[in-house]
Amino acid sequence: HKSRQRISIGDVVNQMSSDSESVANLSFVFIELVIDILLILAAIGMLFYYLGTTAWISVVLLGLLVPITNKIAQQFSQYDDQIMKHRDARLNLMGQILNSIRLIKYFVWEKSVSEEVQKVRTAEISARDKIVRVESFSLVVYMAISCLVLLATFLTHSWRGQELTLAVVFTVISIFTLLEEPFGDLTNLISRLSSATHSPLL
């Protein structure tokens, strides 16, 4: 009975609907993260094969993405925590409303209760909107930086007096295109992995 009082209905429903799904997908997220890392390492290896030491420019510039990725992943986690808190508040409020529905009807409190629910729901939608914006921003940043890194790599390779044939150019462009997806997924995967490992269900 004491445990029921400590844990609200909203927390139980929220954990069963969201946290359980995150924990269930933990192994798949971890495998996807490992595959992306191996894919990035393989692509970097191919850059060294085709560009030689010029590939260090690409590695260093791509390495600058690591703190950006960590920062975006932290924002993902913060907004995800906000969503969970707002969802808990909404579910708790709905549970209280359902338990007191007779009093609400008797005293004609429908309008005030509806406004209260709308406030909580608006805060939850706002947090979801923020996380979608961060995800879209991260994709744009990765694509833009990828183009800049590609340009800097070609300019450095040409400046060093190395031959820049069409075969090398199109091959390197294909490698960078291959890198866009795993780099773009890193933030989302790290965020999902962090969310699952910090779940109360573990």
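A polar contact, as the term is used here, is a pair of N or O atoms within 3.5 Å, where within protein one atom must be able to donate a hydrogen and the other to accept it, and where residues adjacent in sequence count only if both atoms are side-chain atoms. The model is a predicted one, in which local features need pLDDT of at least 70 and side-chain atom pairs count only at pLDDT 80 or more, while totals for chains, interfaces and linings use all residues. Residues are numbered from 1 along each chain as its sequence is written, and side-chain values use heavy atoms, with hydrogens and water left out.

**Exercise 1. Describe the protein as a whole: how many helices and strands are there, and what percentage of the residues count as buried?**

Solution. Begin with the secondary structure, where helices (H or I, at least four residues) and strands (E, at least two) are DSSP runs numbered from the N terminus. The protein has eight helices and zero strands, and reading along the sequence gives the pattern α-α-α-α-α-α-α-α. Next comes burial, for which buried means under 20% relative accessible area, exposed over 50%, and partly exposed in between (1.4 Å probe, protein chains only). Of the 202 residues, 32% count as buried. The exposed surface is about 12,900 Å², of which carbon and sulfur atoms supply 64%, with areas taken from the Shrake-Rupley method with a 1.4 Å probe. Finally, take contacts (heavy atoms within 4.5 Å): among those between residues at least 6 apart in sequence, 85% join residues at least 24 apart.

**Exercise 2. Place S58 in the structure: in which helix is S58 found, and which residues does S58 touch?**

Solution. S58 is found in helix α4, which covers residues 55-63. S58 counts as buried because its relative accessibility is 0%. Leaving aside residues up to four places away in sequence, S58 touches L47, V149, T153 and F176. With T153, the side chain of S58 also forms a polar contact of 2.6 Å.

**Exercise 3. Work out how α4 packs against α3 and α5: at what angles do the helices pack?**

Solution. Axes are lines fitted to C-alpha atoms, for helices over the stretch in contact, and angles run from 0 to 180 degrees between N-to-C directions. Angles under 35 degrees count as roughly parallel, over 145 as roughly antiparallel, 65 to 115 as roughly perpendicular and the rest as oblique.

Take α3 (residues 26-51) as the partner of α4: the two pack at an angle of about 150°, with their axes 8 Å apart. That angle makes α3 roughly antiparallel to α4. The residues in contact are I44, L47, F48 and L51 from α3, together with A55, W56, S58 and V59 from α4. Sorted by class, seven of these are nonpolar, one is polar and none is charged, where Ala, Val, Leu, Ile, Met, Phe, Trp, Tyr, Cys and Pro count as nonpolar, Asp, Glu, Lys and Arg as charged, and the others, Gly among them, as polar.

Turn then to α5 (residues 65-99), which packs with α4 at an angle of about 25°, their axes being 5 Å apart. This makes α4 roughly parallel to α5. L61, L62 and G63 of α4 meet L65, V66 and P67 of α5, and by class this contact has five nonpolar residues, one polar residue and no charged residues.

**Exercise 4. Compare two residues of different settings: are E124 and V108 buried or exposed?**

Solution. E124 lies in helix α7 (residues 110-159), and its relative accessible area of 1% makes E124 buried. Not counting residues up to four places away in sequence, E124 touches H86, R87 and R90.

V108 lies in the loop between α6 (101-106) and α7, and V108 counts as exposed, at 61% relative accessibility. The phi of V108 is near 55°, a positive value in a residue other than glycine. Most residues other than glycine have a negative phi.

**Exercise 5. Locate E180 in helix α8: which residue, 38 residues apart along the chain, has a C-alpha atom 7.0 Å away?**

Solution. E180 has its place in helix α8, which covers residues 166-197. At 30% relative accessibility, E180 counts as partly exposed. The residue sought is Y142, whose C-alpha atom is separated from that of E180 by 7.0 Å.
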